[in-house]
Amino acid sequence: KKVADRYLKREVLGEGTYGVVYKAIDTQTGQTVAIKKIRLGKHKEGVNFTALREIKLLKELQYPHIIELIDSFPHKENLHLVFEFMETDLESVIRDRNIFLSPGDIKSYIQMTLNGLMFCHKKWVLHRDMKPNNLLIGSNGQLKLADFGLARIFGSPDRRFTHQVFARWYRAPELLFGTKQYGSGVDVWAAACIFAELLLRRPFLQGSSDIDQLGKIFAALGTPSPSQWPDMVYLPDYVEYQYVPAPPLRSLFPMASDDALDLLSKMFTYDPKVRISAQQAYFTSVPLPTDPDKLPRPT
Ligand code: ADP
C-alpha cells in the first residue's frame, strides 16, 4: 500500500517509543527508508501544528552523524516521519557476543557519537533520549544519532507504548534530582554511559527506579560533594545521600586505555556546568579510532 502517493510500505521494523516503524521504498528515489508513525491523538491539534513546525527545523539538521529526516507529513491521526534506512544499531553490536570490540573500535563509535552531538548542540538542539538503540549504524559503518529532538517536540516518551524502559540508565544526575533547566550536559552524560557500556559490554548503571539510579551512580562514581557541584543542593528533588568515596575509575574499567578513561571521567563529571562538552571531548592518543567501514558488525 502506498503512503502519500510516494512510499511503498514493507514490513514492520519495530515498535518504538512513539509508535510503529515501517520499512518502505521511496518510489521517487528507489531508496529504502524507515517510516516512523507517530500517534498524535485526537485532542492534540495544537501539538500537531507545533510539531510540524519543529519537525521542519529538524529537517535542516543535516550532518553525517545525524540520521537524515527525508520527509514528514500528517496522515490520518498520525504524523509520519521518513528517515534514511539503517542496517543495525549500537545495542545490537554491544550485545553480539561474536563481536570483539578493540579499543580503536570503541573510540570510533564514541567519536562518531560525540561528533553528532557536537553538531546538534551547536544548533541548540538536545537529544534527551540517548541510548544505544538510538545510535543507528549504516551499511558503511557510519554511526548516526536517531530521534534527535523528538523527546522535546513530543514530550517525554510515553513508556506505555514500549518495552524500552531502560532510558533511565542513561539519565544524568541533574535530571534525577529534578532539574528543570538542563542543557546539553544531559546528552554528554548519556554518551558517557554508552561509552562505559561499550567497554563493559553490559549497561553500566542499571537502576531499577529513579532513586535506585542515583544510588547506582553514587556507588560507582562516589557521592558528589557540594563543593564539586554547588548548585546540587538547590535542585527540586535533592536529598542528602550517605557519603560514598569515589573509587578509582580504573578499578571499574580495567581494560580501558588511559586516554579513554581520562575522557570518560570528564564526561562523568557531576556538575553539568563543569562537565566536558561534546565539542571539547576527543581522544588524544593511539590507538586511533577505527575506520568506520572496518568496524565489526552483526552478521
Ligand atoms: P525507540 O523509540 O524504542 O528508540 P524507535 O522508534 O527508534 O525505537 O525504533 C523502533 C524500531 O525501528 C527499532 O527496532 C529500530 O531498530 C527500528 N528503526 C528505527 N529507525 C530506523 C531506521 N532509520 N532504519 C532502520 N530501522 C529503524
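The following exchange asks on what grounds terms are applied to this predicted model.

Me: On what conventions do the numbering and the features of this model rest?
Reply: Residues are numbered from 1 along each chain as its sequence is written. Because the model is predicted, local features need pLDDT of at least 70 and side-chain atom pairs count only at pLDDT 80 or more, while totals for chains, interfaces and linings use all residues.

Me: What makes a segment a helix or a strand here, and how many of each does the protein have?
Reply: Helices are DSSP runs of H or I with at least four residues, strands are runs of E with at least two, and both are numbered from the N terminus. By that criterion the protein has 9 helices and 9 strands.

Me: Why is the protein called as compact as a globular protein of its length?
Reply: The radius of gyration, taken over C-alpha atoms, is compared with the globule rule, 2.2 Å times the number of residues to the power 0.38. The rule gives 19 Å for 299 residues and the protein has 20 Å, which is close, so the description holds. The C-alpha trace spans about 60 × 45 × 30 Å along its principal axes.

Me: What makes β1 and β5 edge strands of the open sheet?
Reply: Two strands pair if DSSP finds at least two bridges between them. The sheet of 6 strands has the order β1-β2-β3-β4-β6-β5, with antiparallel pairing. β1 (2–3) and β5 (69–75) each have a single partner strand, so one side of each lacks a neighbour in the sheet.

Me: How do you know that β1 and β2 pair, and how many bridges join them?
Reply: The criterion is at least two bridges, and β1 and β2 (residues 7–15) have 2, in the antiparallel sense. Val3 stands opposite Tyr7 in β2. Elsewhere in the sheet, β3 (residues 20–26) and β4 (residues 32–39) are joined by 5 bridges, and 7 bridges join β4 to β6 (residues 78–84), with Lys36 opposite Leu81 in β6.

Me: Why is Asp129 called buried?
Reply: A residue is buried if 20 or more other C-beta atoms, placed from the backbone, lie within 10 Å of its own, exposed if 12 or fewer, and partly exposed in between. Asp129 has 23 such atoms, so it is buried. Asp129 lies in the loop between α3 (103–122) and β8 (135–137). UniProt places the feature "active site" (unreviewed entry) at Asp129; such annotations may be inferred rather than shown by experiment.

Me: Are Tyr18 and Val20 buried or partly exposed?
Reply: Tyr18, in the loop between β2 and β3, is buried, with 24 other C-beta atoms within 10 Å. Val20, in strand β3, has 16 C-beta neighbours inside 10 Å and therefore counts as partly exposed.

Me: How do you know that the residues of the UniProt "binding site" gather at one spot?
Reply: The unreviewed UniProt entry lists residues including Tyr18, Val20 and Lys36. The listed residues span 25 residues in sequence, yet no two of their C-alpha atoms are more than 13.5 Å apart, so they gather at one spot.

Me: What makes a set of residues a nonpolar core, and how many residues has the largest?
Reply: A nonpolar core is a set of buried Ala, Val, Leu, Ile, Met, Phe, Trp, Tyr and Cys residues joined through C-beta atoms within 7 Å. The largest has 71 residues, and Ala191 and Met267 are among those with the most contacts inside it. Helix α6 (residues 185–200) gives the most to this core, with 12 residues.
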